[in-house]
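Please open the model in your viewer and keep the selection tool at hand, since each stop of this tour begins with something to pick.

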Amino acid sequence: MAKLDRLGWAAGMCFDAYGVRLGVRVNQPEILPELSALLPPGSTPAASLDVDQIYSVWLGKSQGRTRGFHLLYAGVEARARTLSREVLFEAFEASLRLGVAAAARRRVFVHAGVVGWRGRAIVLPGRSGSGKTTLVAALLRAGASYYSDEFAVIDDQGRVHAFAKPLSIRGGNQAGRRSAEELGSVVGTRPLPIGLIAFSHYRAEGRWRPVPLSPGAGLLALVPHTVPLRRRPQASLAALRKAVEGARLLRSSRGEAEGIAIELLREADPTARGAA
Amino acid sequence: VKPARRAEGLVVTEVAGELLVYDLERHRAHCLNPPAAVVFKHCDGSQSVQELARLLNKELGVPVDTDCVWLALDGLGRAKLLQRRVSRPAAAGRLSRRELMRRLGIAVLLPAVTSVLAPTPAQAAATCVSDCTGQAFGTPCSSTAPANCLCTCDGAGACLGGC
């Protein structure tokens, strides 16, 4: 850390998010406003310099044949070394969110997309590249409210809170960062009990043939997506248990998101299921 | 033989008759279905296999024999949830899940222990990070957890892949 500390840091900021205090320092003060726009949802400025984790952002300058790499550190750990400002900022944003997700004290972060539907949450756990955001976007277009395309933030009652960063849509003609409003939806504000947890993975020829999971199997299936599990197993499992207790748990492969969105909304709504 | 479950280094959560057991040493989570959960709960070093079978019989409300208990103990032993692994007597022959299921008639009565490795925070939240402007299809791009992700450019500026 001492080596990093000796570099010429020109400005910084501190903020709180979900009970975690994080600091950011930069070598070029003019990038602070851009970085501020990338802080995790729910961040508030903090006056104290006493932080849980410090992020160091070094903007390199290329001169002649010398390439000036942009650098990102979380504590002493190098997180990015790139010539692209876009990649630097994206890595910064992802690292900050991970820092909050791992260290939040009163919430359990599960890697999942989340929407709200008729007073209950639909949770879509999945790894990066499994099609979470595409499915969330399809659900928003079908009338659901937006909670997150990255993390289900679960409290000790098993309810899901919004983590409403802009949706990061990859590929296709809508690629880029999109707000819920751009997709004709609204951001959910109140915490919701979970109505449905659907474990699905996109396959080109996949069909939605849901298989119900027992609560124990559903809890186990959430394990690979639960960020703070190794650090806080007791609290994480207690929150997850509450979350699965009142929820339907389904597993299936799936095809295109648009086709499956209506199915998921129907599965999440007991009255619609009964009518069918 | 009086098998004993591990007393330390486990976080046990019960949900609808099943147990989720988290191993703090190995960072593995195990789901014990109801028959395996009953055996695990009573496996305190004071009950013989025959006594465990009687308890299983009583709690599940269906007739089961010691083979069912041995199957549970085998699963618990493999998952390292017992203080010491126990083995079915060789004289009793090889234990077959298929044969046991034929005898019980219902698959859900077969004890089962399912396990997964708990992720580190970086593994759980790993994501591909886009640096694909002007890059050809298939060019590797970066991720927040390089050891766990395979991310490549899609030829249209996006970094896609799976973690």
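Select A:Gly131 to begin, in the loop that runs between β8 (120-125) and α4 (132-141) of chain A; bear in mind throughout that this is a predicted model. A:Gly131 has a relative accessibility of 18%, and because the cut-off for buried is under 20%, this residue counts as buried. Now add A:Ala257 to the selection: although A:Gly131 and A:Ala257 are 126 residues apart in sequence, their C-alpha atoms are 8.1 Å apart in space.

Move next to strand β16 (residues 248-254) of chain A, and pick A:Ser252 within that strand. A:Ser252 is buried, at 9% relative accessibility, and its side chain reaches the backbone oxygen of A:Arg207 at 3.4 Å. If you display the surroundings, leaving aside residues up to four places away in sequence, you will find that A:Ser252 touches A:Phe199, A:Ser200, A:His201, A:Arg207, A:Trp208, A:Arg209 and A:Pro210.

The following stop is helix α3 (residues 85-103) of chain A, whose 19 residues reach 27 Å from the first C-alpha to the last, close to the 27 Å expected at 1.5 Å a residue. At the start of α3(A), show the side chain of A:Ser84, an oxygen of which comes to within 3.3 Å of the backbone nitrogen of A:Glu86. Is α3(A) largely enclosed by the rest of the structure, or largely open? The helix is largely enclosed, because 15 of its 19 residues are buried.

Stay with this helix and turn to its charged side chains. Select A:Arg177 and A:Glu93, which form a salt bridge with their closest N and O atoms 3.0 Å apart. A:Arg177 lies in strand β13 (residues 176-178) of chain A and A:Glu93 in helix α3 of chain A, so the pair ties together parts that are 84 residues apart in sequence. A:Arg177 is partly exposed, with a relative accessible area of 38%, whereas A:Glu93 is buried at 8%.

Then select A:Arg97 and A:Glu150, another salt bridge, in which the closest N and O atoms are 2.4 Å apart. This pair also links distant parts of the chain, with A:Arg97 in helix α3 of chain A and A:Glu150 in the loop between β9 (145-148) and β10 (151-154) of chain A, 53 residues apart. Both partners are buried, A:Arg97 at 7% relative accessibility and A:Glu150 with a relative accessible area of 6%. Showing the four residues together is worthwhile, as salt bridges that share partners join A:Glu93, A:Arg97, A:Glu150 and A:Arg177 into one network.

For the last stop, colour the model by chain and select chain B, which has five helices and six strands and in which 44% of the 163 residues count as buried. The contact with chain A takes 41 residues from chain B and 34 residues from chain A. About 3000 Å² is buried between the two chains, with carbon and sulfur atoms giving 67% of that area. Which elements of chain B should you highlight on the side that touches chain A? β1 (10-15), β2 (18-23), β3 (28-32), β4 (113-117), α5 (121-124) and β6 (159-162) of chain B each supply at least two residues there. By class, that side of chain B holds 23 nonpolar, 14 polar and four charged residues. Across the interface there are zero salt bridges, while five residue pairs are in polar contact between chain B and chain A, both residues being at pLDDT 80 or more.

Conventions: Residues are numbered from 1 along each chain as its sequence is written. Chains are lettered from A and ligands numbered from 1 in the order in which they are written. This is a predicted model: local features need pLDDT of at least 70, side-chain atom pairs count only at pLDDT 80 or more; totals for chains, interfaces and linings use all residues. Side-chain values use heavy atoms; hydrogens and water are left out. Contact means heavy atoms within 4.5 Å. Buried area is the accessible area (1.4 Å probe) that two parts lose on being put together, summed over both. A polar contact is a pair of N or O atoms within 3.5 Å; within protein, one must be able to donate a hydrogen and the other to accept it, and residues adjacent in sequence count only if both atoms are side-chain atoms. Helices (H or I, at least four residues) and strands (E, at least two) are DSSP runs, numbered from the N terminus. Ala, Val, Leu, Ile, Met, Phe, Trp, Tyr, Cys and Pro count as nonpolar, Asp, Glu, Lys and Arg as charged, and the others, Gly among them, as polar. The expected span of a helix is 1.5 Å times one less than its number of residues. Buried means under 20% relative accessible area, exposed over 50%, partly exposed in between (1.4 Å probe, protein chains only).
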